[in-house]
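Trainee: Could you take me on a close look at the metal site in this model? I'd like to know which residues hold the metals and how that part is put together.

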Amino acid sequence: MKNNRKGMLQLCTLSGTTEIGRNSNFVQYGDEIVMVDAGYSFPGHEMYGIDYLIPNVKYLKQNKQKVKAILITHGHLDHTGALKWILPELDYPPIYAGGFAKALIEAKMKEYKMEKKVKIYEVDRKSQINIGRNFKATFIGINHSIPDAFSIFLQTPKGNIFFSGDFKIDKEPANEPQSDYEKLRSLRGKIDLALMESTNASTPGKAPSETEISKNLEDIITKHNGRVVVSAFSSLITRLYSLVEIAKKTNRKIVISGRSLEQAISIAREKRYINVDEKLLISEREMSKYPDREILILCTGSQGERFAALNRISLNEHKFIRLRKEDLIILSSSEIPENITTIEKMTDRLLEFGVELIKDGVDTKIHSTGHGNQEDIKMMLEMVQPRHIMPVHGSLTFRYFHKKNLVKWGFDKNKIFLTEDGQIWNYDNNYWNKGKKVESKPILIDGLGVGDIGDVVLKDRKQLSEYGMFSVVLNLSSKNKKIIGRPRFISRGFVYLKSSYALLKETENTIFDIHRDWEKYSSQKGKYEEKILIQKIEKQLSKLIFKKTEREPIILVAII
Ligand SMILES: [Zn+2]
Ligand SMILES: [Zn+2]
C-alpha cells in the first residue's frame, strides 16, 4: 500500500480469514482507513503459557493517523477481544458498536482501567454513519447468538463492501427482531464485494431456530422432577435468555455457577434483554433451602475445561454442588472437535453419580448454532446479490467448499475470491485484484506482556512442560578458577535426585572433565571465559542425559 494512488479503494483481510477467531479487516480509501472488528483467538495446545493471539497491526500502527474508526459487527470476543491491545497502539480511534457489544467492551475496558480513554458510539438498526470524508457505514440488524448483531455495509466513492458478520437467518429468534430483510434487499446492485462468513458452509440445510431449541429444553425441564443442571456457552446470550424464561415458567430458582456466565447474565440484565426478578436468582449457598424440583443450575464448562464449574462438579470438587442420582444434566452446547475426548471423560465421571444426561443429538435438538448453514447463506446471498464474494471466517477447506456451493448455486467462479491473512485487494471499478501483503503474523499475548514472546521461549516452555529442568551450580575460585567443593544439582520435574545416584555420579565426572579441559585451554590463552565453560557443560550434559534417560530437560548451569 506504500505507492498508494490517491482515491483507490483497497481492502485488507488482515486476520481471521483463514480460521475462526481473531477477526479483523480494514478498508483504505485515499488517506483514510476504517477497520471492521478487532478480535482475538486462543492459541493451540502447543503454545505454552500464551493467553491470546491478536491481529498484527504493524501496518495500521505506521498509518495510525489515517485510522478513522473501528466498526464492530457484534460483541463476541473473536471480534472484539483484541481492542484492549490495539486501541493504545492506534491512539484510540472511535469505536462504533451495537448496544450489547458496547456494554461488553465497556466492561472489559473498566477491568483494564482504560474506560476514560476509549470512545464508543452506540449504533442501532437505523444507524448510518459518515466517517471521515470518504466513508459511510450502514448497520443492518441480523440474527446470530448475541443481541445487537450487525452486518455492515461500507460505502466509499469508488465502491462498496458488505461484511456479513456472523449471522443466521432465524425466522423465530428469541427476544429480538428478525434480520432486517428489507434493508438487506435494498443493497441489491450496490455491493461490489461481500465478505461472507463460512463457519457452517459445509452443513447442509437450515440452521434451527433458537425458539425451537427453547421449546425442546422447556419440555425436558418441565418433565424432570429433580434438580436440573444446564451447561451452556456464556457467549450464547440468546440461549441464556431462553433458559431464564424456562426457569420462570417451570417455577425454578436459578443458580449461576461460573464467572463468565454471571458476567454475561448481569450485562444482559443491564441491557434489559434478560428480565428476571432478583428473588428468582439464588446463590449456590441457598440452594439447599429449596426442594430439588425448584432448582435450575446454569453452569459453565460444556467443553470440559479444567477449572469450569461442570468439570469441578464431575470431579466432586465443587464447593456447593454435589450430584445425586435424581439430578438431570443437560449439555446445551456443541462439542468443539478438539475437546471431544475431554468432554467424554467428564460425562463419564458425571454418569458415575447415576445422574441422567442429555446431550444435543439427533433425537433431542437442544443446541443450535448461531452461524448460518448452507440454506441460510443462500438466503442471504439472494437478498443482497453482491457482484463479488469473498468467503471468510473459516479454514481454507471450509472456504473452498463454501466457494463450491456458490458455484453450484450459479455464481461465477471468477468472481469468488479465496483470500489470506494480510492480503490486500485493489478495486479498479470493475474487478478485485490481489495486491501486496502486509505483515500479518499474529501477535502473541502472554499475561501482561505484549509481543515479547518469541519461538525460543515457546520451545523452552514446551521442553519444561515435557521434561522438566535440571540445573548445576558450580562454585569456582575467583583466584585460580578451580572448582571449590563439588557441583550441586537441582531438579524440577526431571528426576528424583535421591534415587539417581549413578546418573549424578556420571554427571559430576563429566563436569570435572570438561572443567579440566577448559582450565587448560584458558591458561594457554591467558583468558578464562566462564561463558564457554557453561556452554560446554550444557551441551555435554544434554547429550549424556539423553543417552541415559531418553529425556531432554532444560539444563541450566550457574557459576557462583
Ligand atoms: Zn459471533
Ligand atoms: Zn465470529
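**The zinc site up close**

Mentor: Happy to. Reading along the sequence, the donor residues of the zinc ion (ligand 2) follow the spacing D-H-x86-D-x226-H. Keep in mind as we go that this is a predicted model. The residues behind that pattern are D78 (OD), H79 (NE2), D166 (OD) and H393 (NE2), and these donors lie 2.1 to 2.5 Å from the zinc ion (ligand 2). The angles among the four donor atoms run from 92 to 155°, and the site of this ion is irregular. A tetrahedral label would need all angles between 85 and 135 degrees, so the upper end of the 92 to 155° range rules that label out here.

Now turn to the partner. The zinc ion (ligand 1) is coordinated by H74 (NE2), H76 (ND1), H144 (NE2) and D166 (OD), at 2.2 to 2.4 Å. Along the chain, its donor residues are spaced H-x1-H-x67-H-x21-D. This site is irregular too, with angles of 90 to 170° among its four donor atoms.

You may have spotted a name on both lists. D166 coordinates both ions, and the zinc ion (ligand 1) and the zinc ion (ligand 2) are 3.5 Å apart. It is worth placing this bridging residue in the fold. H144 sits in the loop between strand 9 (135-142) and strand 10 (149-156), while D166 sits in the loop between strand 11 and helix 5, so this pair ties together parts that are 22 residues apart in sequence.

On the side of the zinc ion (ligand 2), D166 bridges to its neighbour ion. The pair of D166 and H393 links distant parts of the chain: D166 is in the loop between strand 11 (159-163) and helix 5 (181-185), and H393 is in the loop between strand 19 (389-392) and helix 12 (396-408), 227 residues apart.

How exposed or buried are these donors? Both D166 and H393 are buried. For D166 the relative accessibility is 2%, and H144 is buried as well, with a relative accessible area of 4%. Buried means under 20% relative accessible area, so D166, at 2%, falls within that cut-off.

To put the whole site together, picture D166 as the shared donor: the zinc ion (ligand 1) has H74, H76 and H144 alongside D166, and the zinc ion (ligand 2) has D78, H79 and H393 alongside D166.

Note on methods:
Residues are numbered from 1 along each chain as its sequence is written. Chains are lettered from A and ligands numbered from 1 in the order in which they are written. This is a predicted model: local features need pLDDT of at least 70, side-chain atom pairs count only at pLDDT 80 or more; totals for chains, interfaces and linings use all residues. Side-chain values use heavy atoms; hydrogens and water are left out. Donors are N, O and S atoms within 2.8 Å of the metal (3.2 Å for Na, K and Ca); water is not among the atoms, so sites may look incomplete. Four donors count as tetrahedral if all angles lie between 85 and 135 degrees; four count as square planar and six as octahedral if opposite donors are over 155 degrees apart and all others between 65 and 115; anything else is irregular. Helices (H or I, at least four residues) and strands (E, at least two) are DSSP runs, numbered from the N terminus. Buried means under 20% relative accessible area, exposed over 50%, partly exposed in between (1.4 Å probe, protein chains only).
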